[in-house]
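Work through the exercises below with the sequence and the coordinates at hand. Each task is followed by a stepwise solution.

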Amino acid sequence: METGEQLSLLRQIEDVQANPNLRLPAHDRFPHNHNRHTVKSVVFPDLLSSHRPLIISGYTSLSMMIEFLAECHQKLQADENAFDTIQILIGNEPHPTQRTTFRLKDSNLATEVQRYWLEERGISIFLCAKVIVAIELLRSGKVEARLSNQSRPLHAKIFRGDEAITLGSSNFSQSGLELQHEANSRYQREAEPERYQEACQMAESYWELGRDYQAELIELLELLLSVVTWQEAMARACAELLEGDWAIRYTQGLQYSDEAALWPSQYQGIAHALWVIENVGSVLVADATGSGKTKTGAHLIRSVMQKMWSTGRIKTEIPILLCPPSVEASWQEESQRCGQNTLTCSHGLLSNTTEDKREDVLRLIRRAQVLAVDEAHRFLNLKSTRTRQLFNNIADHVLLFTATPINRGPLDLIAIVDLLGADNFDDDLLDTLSRIRRRRGEDIAQAELEKIQRAIQRFTVRRTKTMLNRMIESNPEAFRNKHGVPCRYPKHVTDVYICDRNTATANKDRQLAAQIRETAAQLKGIQYVQKPIEVPDFYGGTHEQYLESRLSSAAALAMYYVMASLRSSRVRLIELIRGTEFAKTWGKISTRVKTQETGNVISGLQEKAGKPAQQTLDIPMPEWLTDPEQHEVASQDEIRLYERIEALVNQMSDGREAVKAKKLTDLLKKHGIVIAFDKSLITLADIHDRLRQHQGCEVMIATGTSKAERDKANRACQLGSQRKGVILLCSDAMSEGINLQQASAVVNLDMPTVVRVAEQRIGRIDRMDSPHPQIEVFFPKDSEEFILSSDQRFVDRMRFSSEMLGANIPLPNELLTGELQLSDTITRLNEVIEADTPADQLLDVFTPVRSLVEGESALVQRDIYERMRTSDARVIASVRALQRKRISIVSARRPWVFFAIAGTEWGAPRWVYLDSPQAKPVTDLEEVSQHLRNVLTDEVDNLPKDKLEQAARVLQDFLQL
């Protein structure tokens, strides 16, 4: 909004307090602003009654000059000979600017005038029609405009009429003519002819000092206020929000010569996040993987802190950032580069550290005014220790960063609400969440889910790869990596590789896998029911039904782990049955696997055999759940089944593992660096040993357990690396938060049954600053015997509520989402890559705005938006809504108004919609966008220029209430 003498959007004028009685001379001889007298009441009649009025004033008087020319136009309409020539000489100001940044060399007065009106002030919205009139008068030659053209500034204020002339301190502005105490002298031609002629001589002499300013003033007025179609106005309003240019002042940090500039997408992301923070307090940044999140996040934190400093709200100078240990160094480096002192803490400090050290971190979190969390999806388990620790913060602003905000479904949405801060949401949503919690997340209605999604959308900034690539296409030169190479997400080539051949050995392995599946189907899952079975309060069925579901789920879980382990590798299944050390010996593995022993189901069953939990349910139960002897018998039966599975594994060949190793070495013929993922550490160790026997390749393994291994992998695969012939074997601990974009191929050794995992793995090389125009991604194609069952009843058991089982056992995401067939996985992954909408349907706050200028339902054509998005002009469009023909008694047109208020140094852009002068203002972007869709139909016409005065009066009705 404008300030000072400029009329603001709300046309607010400071009340002038009554002054004590002043002994002032006659107002007609010494015009002043006191009590009911104003300078304007004398000067305007003098000038309007003259045939050749002359105004000499500083350039801040442009608004009042436009008001004056509008009155001149009215006189000319009544009498075309009312004026011969209207002369205007624009001079200097003693304090030319309120800018906070300066160039080393200031340019001439014309540039100063433009800078003042275009960058600092702007014309009031109420002058729209009058600006058009002023331009017409200038073009007709009726008005002659000049600009001071001397090295010595012109600071005179003279207003000459045919019968009187006034000169003194008053600028030709609202402040000078109406508000401020001023001292002026007025000489009338008849009463004081000599003084009048001398003053006129001075005015005419100064007039000669000016140069022609006619064309430049017309250009300035056109830039200040462009009268456009409603489509153009709508495009400019959307651009004010979407492009984010308003926030550039907050992103101007330190820039090193060896550092790539922020990409336009990063500037835009920061602006969007600042808008969200200003409106709702906290933000969830969920841009696509590979979009430069760490650099964007570091600059966003700095921008938030800078904005808090500028508004005087700073209390704690150092923001806190929680991030995975693998990216802690990257965050520190980016923070230092942008000049922001940020305290970075590893996620692990919240759960895996000494009590004293954890308490130190918690104290900092509780006191932080700005709290940022990277890879925030790691904090969506509301029962985990580190998640609960975050809920004690009292931060003014919480900044969450994750490319995959939704992993397990509706429960993740509830966790996001808690992380963003429940006090940022309305009572209606909190009541909904309370009801869902009482049901422990069961049976969430679609309406409840949509309500939560809409609420979180107000906090979300999210751009898909398709959106980001469109930004690159519109300005490719602005997207370059740190080596100066143009950036763009690479093209995906997705394919499969066959894990077993059509040989006698492979056929035998498939038969053995089928027998393993049949044997695993007989497992009870005793190890998963070692605690008393208690029916949750929220459960709606009978105790008998709950017991049946609980036992069937345990059996399904036991079968799942057997088949999932076999699908990874034979040695992984041996590890499950006998433990890590046994499996290493069995597989003759020399590579270090892990620091702690895992697996060994048989040992666990032997230890607990004959020791059933003390059950409290007062219903009939299987004897093996309650009777020690029967529990012993059942446990021994379970052990024999696992031993049977082990015997079958011993008969299998290593054909599948050999195929996977060969696939990796074959890819080195085309790719310099190949990355392979498997969630099993012992499978990676087995593949590592096989690859080491191959000549001509360097094999590395990185599982997240060793910082040295992780750093070595980062160096080998970071942007600009010259390494060739490298195969990097990774666990899913390396699938997020690190950049390995020098590699150009990803091989999934196991099947990522959740699209999120596939996205994260591929995201290590699928990055905007990838040096490769194309990357390849491979998935394993297993024979039917190795594929996990997609039988719906099995999947339903796998989806059994984690609230029921989660207290006793960790459930893999596959059990919560169900497994996808290979073709489904690839299809959905490609849809994610190409789609404008994220796979989890969590949209961002600007989606409604974006839909007005993009897509099939856009109101504004793309070419209009592209033309207007870079325009600096302030625009106004008036539209006529036709009367509703369904109601015959309505004869008047229904008025409505939409404001798109530009961002300023004081705040972010705003949208405001009013459906009537009495209506409550609507500011929610989704609601405003829907209102605009309702009123901007095909029947809406653009008003001609001669109706602008009428439109301004309608606008006045809205703003005076």
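**Exercise 1: a nonpolar patch**

The model is predicted. Classify Leu343 as buried, partly exposed or exposed, then place the residue in the secondary structure and in a surface patch.

Solution.
- Step 1. The relative accessible area of Leu343 is 31%. Buried means under 20% and exposed means over 50%, so Leu343 is partly exposed.
- Step 2. Leu343 belongs to strand 11, which covers residues 343-346.
- Step 3. Patch members need over 30% relative accessible area, and Leu343 has 31%. Together with Ile318 and Leu364, Leu343 makes a nonpolar surface patch of about 210 Å².

**Exercise 2: two salt bridges with partly exposed partners**

Find the distance between the closest N and O atoms for Arg211 with Glu216 and for Arg366 with Glu359, and classify the four residues by accessibility.

Solution.
- Step 1. A salt bridge requires a side-chain nitrogen of Lys or Arg within 4 Å of a carboxyl oxygen of Asp or Glu.
- Step 2. For Arg211 and Glu216 the closest N and O atoms are 2.6 Å apart, and the pair forms a salt bridge.
- Step 3. Arg211 has a relative accessible area of 25% and is partly exposed. Glu216, at 28%, also counts as partly exposed.
- Step 4. In the salt bridge of Arg366 with Glu359, the closest N and O atoms are 2.7 Å apart.
- Step 5. Arg366 is partly exposed at 29% relative accessibility, and Glu359 is partly exposed at 26%.

**Exercise 3: a salt bridge within one helix**

Which helix holds both Glu575 and Arg572, and how many residues apart are they? Are Glu575 and Arg572 buried or exposed?

Solution.
- Step 1. The closest N and O atoms of Glu575 and Arg572 are 3.0 Å apart, in a salt bridge.
- Step 2. Both residues lie in helix 20 (residues 570-578). Their spacing is three residues, about one turn of the helix.
- Step 3. Glu575 has 1% relative accessibility and counts as buried. Arg572, with a relative accessible area of 18%, is buried as well.
- Step 4. Elsewhere, salt bridges with shared partners join Arg470, Glu854, Arg862 and Glu866 into one network.
- Step 5. The structure holds 43 salt bridges.

**Exercise 4: a helix pair**

Describe the relative orientation of helix 22 and helix 24 from the angle between their axes.

Solution.
- Step 1. Helix 22 spans residues 601-608 and helix 24 spans residues 628-650.
- Step 2. Their axes come within 9 Å and cross at roughly 165°.
- Step 3. Angles over 145 degrees count as roughly antiparallel, so helix 22 is roughly antiparallel to helix 24.
- Step 4. The crossing of helix 22 past helix 24 is left-handed.

**Exercise 5: positive phi outside glycine**

Locate Asn35 and Asn600, and state phi for Asn35 and for Asn600.

Solution.
- Step 1. Most residues other than glycine have a negative phi.
- Step 2. Asn35 has a positive phi of about 55°. This residue sits in the segment before helix 1 (40-48) and is exposed, with a relative accessible area of 60%.
- Step 3. Asn600 has a positive phi near 65°. Its place is the loop between helix 21 (580-587) and helix 22. With a relative accessible area of 24%, Asn600 is partly exposed.

Note on methods
Residues numbered from 1 in each chain as written. Predicted model: local features only at pLDDT ≥ 70, side-chain atom pairs only at ≥ 80, totals over all residues. Heavy atoms only, no water. Patch = residues over 30% accessible without salt bridge, like charges linked within 9 Å, V, L, I, M, F, W, Y side chains within 5 Å. Areas by Shrake-Rupley, 256 points an atom, 1.4 Å probe, with all protein chains shown as cover. Helix = DSSP H or I, 4+ residues; strand = E, 2+ residues; numbered from the N terminus. Buried < 20%, exposed > 50% of the residue type's maximum accessible area, 1.4 Å probe, protein only. Axes fitted to C-alpha atoms, helices over the stretch in contact; angles between N-to-C directions. Parallel < 35°, antiparallel > 145°, perpendicular 65-115°, else oblique. Left-handed = near helix turned anticlockwise from the far one by under 90°.
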